[in-house]
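Please open the model in your viewer and set it to a cartoon representation, with side chains ready to be switched on. The stops below are meant to be followed in order, each one giving a selection and then what can be found there.

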Amino acid sequence: MHIDWWTLGLQTINVLILVWLLQRFLLKPVTAIIEARRAEAASVMSLAEQARADAEAERQKAAEEVQRITESRGEALKAAAADAEVAKAKLLAQARDEAETLRRTADAEIDRKRREAAASDAEHAKALAVEIARKLFTRLPDEAKVSGFIDGLVDAIVALPEESRSDIGKGTPLTLKTARPLTAGEDETLHTRLSSALGRPVDLTVVCDTDLIAGLEIDTPHALVRNSFRGDLDRIARELAHE
């Protein structure tokens, strides 16, 4: 086999020139392009990684904010519930106080009306009793309207304390109320019995008071002695009003 070294050398030179040309005009630009693309891809990846990290940070921040809002809402709900319980308790206490006040007011009003009704009933009963007594005593002899009450009046004076009895009719005429004008005999009897009961002579000023219905009364600044039907009716009326 014959080798043409000259031809081989030319071909070798051609190959070297081709390799140089490829390296000069193709490989370097392509490498530069590839390197630029790689750098760009790395930059994009870096930006993407930064964006992912930022997104993750924002997501974490959002999650923490949601957690904070949730916890704050829970605390707010608890505080609102506590405030509602306090307000409820306050309203219930106020309602109980108002109900108790209304109950007491109603009880007081009922008691007042009951007392007024009792007093009114007592007044009506007294008026009716007085009217009945007046009508009954108009049928009795006039003597019964005075003579039957003399002993009771004298006994009532004797029963008074000494300090009260000693001031009755002392230095001034003694006012004696009667249900009708006295007869001369009744006037003398009363002078004698009252002087004896008081232990000294007394002057009498007789006043006719038909409202007594029947009986006698002595009214002085120091004592009130009543032995009359009106006095009995007043006492009964007071007892009825008290009951």
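The tour goes through a helix, a core, a group of strands and one arginine, in what is a predicted model.

**Stop one: helix 4**

Begin by selecting residues 184-198, which form helix 4, a run of 15 residues reaching 21 Å from its first C-alpha to its last, close to the 21 Å expected at 1.5 Å a residue. Now show the side chains of Glu186, Leu190, Leu194, Ser195, Ala197 and Leu198, which are the buried residues to look at in helix 4. They lie on the same side of helix 4, because they cover an arc of only 160° around its axis. If you then turn to the face pointing away from that buried side, you will find the exposed residues Ala184, Glu188 and Ser196. To see what covers the buried residues of helix 4, add helix 2 (147-158), helix 3 (162-167), strand 1 (174-178), strand 2 (204-208) and strand 3 (215-219), which are included in that cover. Before moving on, step to Gly199, which follows helix 4 and has a positive phi, near 80°.

**Stop two: the nonpolar core**

Select next Leu153, Ile157, Leu176, Leu194, Leu216 and Ile218, the residues with the most contacts inside the largest nonpolar core, which has 22 residues. Helix 2, strand 1, helix 4 and strand 3 each supply at least two residues of this core, and helix 2 gives the most to it, with 5 residues. Centre the view on Leu153, which, not counting residues up to four places away in sequence, touches Leu176, Leu194, Leu216, Ile218, Val225 and Asn227.

**Stop three: strand 3 and its partners**

Return to strand 3, which is largely enclosed by the rest of the structure, since 4 of its 5 residues are buried. Strand 1 runs antiparallel to strand 3 and is joined to it by 3 bridges; to place the pairing, pick Thr178, whose bridge partner in strand 3 is Leu216. Strand 4 (residues 224-228) also pairs with strand 3 in the antiparallel sense, over 5 bridges, and here Asp219 has Leu224 of strand 4 as its bridge partner. Follow the chain between these two strands through the 4 residues of the hairpin that joins strand 3 to strand 4.

**Stop four: Arg230**

Finally, select Arg230, which is placed in helix 5 (residues 229-242). Is Arg230 buried or exposed? Its relative accessible area is 19%, and Arg230 is therefore buried, the cut-off being under 20%. Its side chain is joined to that of Asp209 by a polar contact of 3.3 Å. Leaving aside neighbours within four places in sequence, Arg230 is in contact with Asp209, Asp211, Leu212 and Glu217.

Definitions and conventions: Residues are numbered from 1 along each chain as its sequence is written. This is a predicted model: local features need pLDDT of at least 70, side-chain atom pairs count only at pLDDT 80 or more; totals for chains, interfaces and linings use all residues. Side-chain values use heavy atoms; hydrogens and water are left out. The expected span of a helix is 1.5 Å times one less than its number of residues. Buried means under 20% relative accessible area, exposed over 50%, partly exposed in between (1.4 Å probe, protein chains only). The arc is that of the directions from the helix axis to the C-beta atoms. Contact means heavy atoms within 4.5 Å. A nonpolar core is a set of buried Ala, Val, Leu, Ile, Met, Phe, Trp, Tyr and Cys residues joined through side-chain atoms within 4.5 Å. A polar contact is a pair of N or O atoms within 3.5 Å; within protein, one must be able to donate a hydrogen and the other to accept it, and residues adjacent in sequence count only if both atoms are side-chain atoms. Two strands pair if DSSP finds at least two bridges between them.
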